[in-house]
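Trainee: I'd like to learn how to read a helix and a buried charge in a model. Can you walk me through one?

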Amino acid sequence: MLKDIKQKVTLACGIIVIVMMVVVIFSSNNEHVKKEPQVNSEKIISLLNKINNNYTLNIEENINNTITKYIYYNDSKLELYERENDTVGYIKYNNNIYSINPDDRKLNKVNELPFIEDRYYNVNFLKKIISMCDFKFKSINNVSCKIDRNDYFTKLNETYNTTYGNDSSDIINININYNNTLINGIKIDYSLNNNIKIYYLEFVNVGTTDFSIIYDQYKNILD
């Protein structure tokens, strides 16, 4: 009988130890979840607001695995556009567009800007899109979200007075790299029906874009 009591006590102690271990593990997991950073769209937009007027933007366009790279400069008054391996650059100033001749550096007024559509890199439009995001934590300084394509078209039509049809139930994927003070990069995947269309935007030289040389050189035109 004493032997039976000892066995029961041993079994009870074993059960207690197992229960305690489960509680500790569960508590540890809960602590880990609690420590996971919480990021919302307001936080991302507040960081985007810091790069509203003066910045340089590296743009990588992936259309069905054909990569094209662009550089966009903005000092809040003048915008400069370049495309990789293209000797001609473009300036937009006071709603006028000029090409820069690579030989004599003269400005020539043109009617159209041969650049990617504004909606793919315009910071103010990106804010409207990102404001619809319910971000999910991916890793340190990296979050992602999905936006309904119909909602995207609604914002697009409101902003650019376009008439894109809202006939797709697909989504647009957004991934953002950031730190405590700045957005480092935004990747937006517009791919649909096996047609790849991805844009990666890298913000550089935020607040330090200086076009003083351009203003001096073309002061008779940019006046």
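Mentor: Sure, and keep in mind that this model is predicted. Let's begin where H3 begins: a side-chain oxygen of Asn-122 comes to within 3.0 Å of the backbone nitrogen of Asn-124.

Trainee: Is H3 largely enclosed or left open by the rest of the structure?

Mentor: The idea is to look at relative accessible area, where under 20% means buried. Six of the eight residues of H3 pass that test, so the helix is largely enclosed by the rest of the structure. They are Val-123, Phe-125, Leu-126, Lys-127, Ile-129 and Ile-130. For the protein as a whole, buried residues make up 34% of the 223 residues.

Trainee: There's a lysine in that list. Which side chain of opposite charge is nearest to Lys-127, and how far away is it?

Mentor: For a salt bridge, you want a side-chain nitrogen of Lys or Arg within 4 Å of a carboxyl oxygen of Asp or Glu. Here the nearest candidate is Asp-118, 13 Å away, and Lys-127 has no salt bridge although it is buried.

Trainee: What does the side chain of Lys-127 make a polar contact with, then?

Mentor: With the side chain of Asn-49, at 2.7 Å. Setting aside neighbours within four places in sequence, Lys-127 also touches Ile-45, Leu-48 and Asn-52, besides Asn-49 itself.

Trainee: And what about the overall fold?

Mentor: Count the elements: five helices and eleven strands. Then check sequence separation: among contacts between residues at least 6 apart, 52% join residues at least 24 apart.

Methods. Residues numbered from 1 in each chain as written. Predicted model: local features only at pLDDT ≥ 70, side-chain atom pairs only at ≥ 80, totals over all residues. Heavy atoms only, no water. Helix = DSSP H or I, 4+ residues; strand = E, 2+ residues; numbered from the N terminus. Buried < 20%, exposed > 50% of the residue type's maximum accessible area, 1.4 Å probe, protein only. Contact = heavy atoms within 4.5 Å. Lys, Arg positive; Asp, Glu negative; His and termini not counted. Polar contact = N/O pair within 3.5 Å; in protein donor to acceptor, adjacent residues only side chain to side chain.
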